[in-house]
Amino acid sequence: MMNFRISSPEQYEVTYRRSVEDPEGFWDQIAKEYHWFEPWHKTLEWEFYTPSVKWFIGGKTNITYNCLDRHLKKRGNKLALIWEPNDPKEKFVRLTYRELYERVNQYANVLKRNGIKKGDRVAIYMPMIPELAIAVLACARIGAVHSVVFAGFSAVSLADRIKDAGAVAVLTSDGLNRGAKQIPVKRVVDEAIAMGCDTVKRVIVTERLGWAVNMVEGRDVWLHEELQHVGKECPPEPMDSEDMLFILYTSGSTGKPKGVVHTVGGYMVYAGYTFLNAFQYEESDVFWCTADVGWITGHTYLIYGPLLNGATTLMFEGVPTYPDAGRFWQVIDKYGVNIFYTAPTAIRSLMAAGLDHVLSYSLDSLRVLGSVGEPINEEAWNWYHIHVGKERCPVIDTWWQTETGGIMISALAGISKLKPAHAGQPLPGIQPVLLDADGREIEGNDVEGYLCIKHPWPSMLRTTFGDHERCRQTYFSAFKGYYFTGDGARRDENGLYRIIGRVDDVINVSGHRFGTAEIENAINLCKKVVESAVVGYPHEIKGQGIYAFVVTAEPVTNPDLVEAEIIESVVAAIGKIARPDKIQFVSGLPKTRSGKIMRRILRKVAEGDISNLGDTTTLLDPAVVDEIIEGAKTVK
Ligand code: PRX
């Protein structure tokens with residue numbers, strides 16, 4: 001186990017202070033706990049204007065050496081990965097550190113055999129099966145840059161991401177299981193590549209469902225056939241600390257998702273450090289993060305963080321409600337899970353399914369519970385704490401982002417004081433500030449402002465792939481000299497942070513981020529639509545729901561039909577996860593004289609709070625607001 005555990009409130013205080021007074025000394029000491037082929041000669045160089053951030057400069061390492069090779073001697077026979085299939089009757093998989101090591105090396109050799117090399121980008125579009133984790137690690141082993149795309153995204157979304165990254169290969173499977181459904185993953189990949197993904201030379205297909213799929217001669221190969229030809233050893237590629245480790249696409253307030261870039265050294269150091277401290281991981285713990293590897297949470301806390309610490313990580317192929325709403329709790333009992341990390345939306349949906357499901361399991365093994373992805377409301381926090389954690393397990397509410405690489409603000413389990421609906425204090429090494437609209441730091445407690453970070457941390461994004469200016473614009477231009485998170489936050493009277501939510505045009509649906517512009521573009525692809533405006537509104541299960549105001553070319557006579565067409569457009573352009581929950585047909589949108597949509601008004605209408613719409617006199621056509629308010633009453 002690595003030697004950077006904070007084990008008491010007093011130690012937190014001392015460590016935090018040290019991390020602010022001497023950040024470089026602080027991170028230096030932590031980074032030294034990892035294996036480096038060559039040490040770094042300078043800890044940090046940075047400025048937040050261009051921006052340019054480099055950590056552990058000159059250091060050479062490989063994250064998979066730290067996840068696998070380093071554990072072989074002491075933990076070769078310890079379980080590294082447990083895989084629970086979608087169908088509880090199917091056989092589970094357990095891989096020891098030695099077995100995982102071998103599987104990763106073999107897969108890495110398959111990549112090499114197929115011409116994939118250091119620096120190449122590789123798109124991964126796969127179900128939650130062991131080969132997904134193995135594929136990710138295999139890329140990292142040879143220095144190829146992985147770009148995992150959640151396998152619920154549509155062919156169009158996948159194609160956009162493949163093109164933006166210039167991926168030379170796609171790693172996929174024949175199909176996937178999700179609850180009672182089976183989905184033809186390879187077909188989506190074929191469709192995506194046919195949309196002009198000319199850089200793709202290879203598609204490597206893992207067999208999951210045993211389906212006969214279309215295999216393109218000279219391009220597509222089966223993993224199991226390739227494995228026949230390779231050895232069990234593949235030396236880890238020595239990577240520069242600042243070499244790219246992965247790209248992960250995420251939505252912003254503009255229409256196009258951006259490729260957040262993380263680099264090897266800093267991401268590694270931070271992933272291991274935060275896993276150990278936030279969850280207070282112990283050597284014998286079984287850790288379960290329910291996030292899909294298609295999201296940052298799956299990258300950092302299903303794969304890298306646990307493996308860096310030599311932990312046993314559990315991967316689940318299915319959904320929380322299949323075959324019934326007791327599945328999570330059944331799996332916890334089955335494997336004796338000690339630390340469980342999930343999203344508020346999952347908790348709320350299981351809450352709604354009734355207590356019986358949870359009360360029929362013992363859940364005795366649980367020691368720590370975590371939450372991530374969106375604000376957790378007090379009711380869900382309490383339910384999680386009382387009925388899952390039996391009031392015995394600390395619930396940590398971890399705030400972070402794709403761009404931050406790892407947990408930034410969170411209680412340390414069992415050490416920090418807990419307050420429902422509050423993420424709490426920053427981890428040592430993180431310097432959050434609240435800024436006012438003029439970019440001034442708001443001092444003291446019991447205050448609210450724009451959440452920014454004032455000093456770099458090792459796993460912050462370095463750029464947005466292929467477009468550094470976009471990175472500067474998005475994160476470093478609103479407040480000069482700071483990283484801007486896009487979130488608003490409150491610091492309570494004791495200095496604990498509470499995240500209020502996004503202050504930009506990003507909505508968080510079931511813990512997934514979407515730019516409103518992205519959904520509007522998708523809706524506007526529907527031939528009957530002239531224009532649209534999308535806003536979020538409070539949704540009991542999803543946190544936020546998607547509310548679309550749509551202007552059509554012709555008056556709508558059959559709303560159900562047009563709605564279905566709009567939904568089809570969104571599903572094709574983005575995926576099912578971005579389906580609007582409510583659609584309201586309107587004759588026009590509230591716009592200012594300069595043509596800007598007044599979203600503030602639409603948000604209020606969607607929230608059902610029309611008592612205070614603010615000043616509407618500057619609108620081009622104020623009458624439109626009355627029509628919208630009236631129409632909202634009949635929206636299903
Ligand atoms: O608004 C915050 C919200 O999710 C955003 C980041 O989304 P994403 O990059 O997809 O990463 C999600 C998982 C790390 C943030 O800007 N968010 C995330 N965690 C929390 C949260 N909001 C409140 N409380 C949290 N614990």
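**Exercise 1. In which sense do S21 and strand S22 (residues 447–453) pair, and over how many bridges?**

Step 1: S21 and S22 run antiparallel to each other and share four bridges. Strands here are DSSP runs of E at least two residues long, helices are runs of H or I at least four long, and both are numbered from the N terminus. Two strands pair if DSSP finds at least two bridges between them.

Step 2: Now pick out one bridge: Leu 435 has Tyr 450 in S22 as its partner.

Step 3: Zoom out, and you get an open sheet of four strands, ordered S21-S22-S24-S25, with antiparallel pairing. At its edges sit S21 (432–435) and S25 (497–502), each pairing on one side only.

A word on what you're looking at: this is a predicted model, where local features need pLDDT of at least 70 and side-chain atom pairs count only at pLDDT 80 or more, while totals for chains, interfaces and linings use all residues. Residue numbers start from 1 along each chain as its sequence is written.

**Exercise 2. Work out how strand S11 (residues 202–206) is placed: is it mostly covered or not?**

Step 1: Count the buried residues: five of the five in S11 are. Buried means 20 or more other C-beta atoms within 10 Å of a residue's own, exposed means 12 or fewer, and partly exposed is in between, with C-beta atoms placed from the backbone.

Step 2: Check the directions. Arg 202, Ile 204 and Thr 206 point one way from S11, Val 203 and Val 205 the other way. That fits a general pattern: in a regular strand, side chains alternate between the two faces of the sheet.

Step 3: Look at the neighbours. Strand S8 (residues 169–173) pairs with S11 in the parallel sense over five bridges, with Ser 173 partnered by Thr 206. S11 also pairs in the parallel sense with strand S12 (residues 220–222), over three bridges, and there Val 205 stands opposite Trp 222.

**Exercise 3. Find the largest nonpolar core and say where it lies.**

Step 1: This core holds 201 residues, and Val 122, Ile 124 and Val 136 have the most contacts inside it. A nonpolar core is a set of buried Ala, Val, Leu, Ile, Met, Phe, Trp, Tyr and Cys residues joined through C-beta atoms within 7 Å.

Step 2: Helix H10 (residues 264–279) gives the most, eleven residues.

Step 3: Domain 1 (9–319 + 394–489) and domain 2 (510–633) both contribute residues, so the core lies between them. The domain bounds come from an automatic or database domain assignment.
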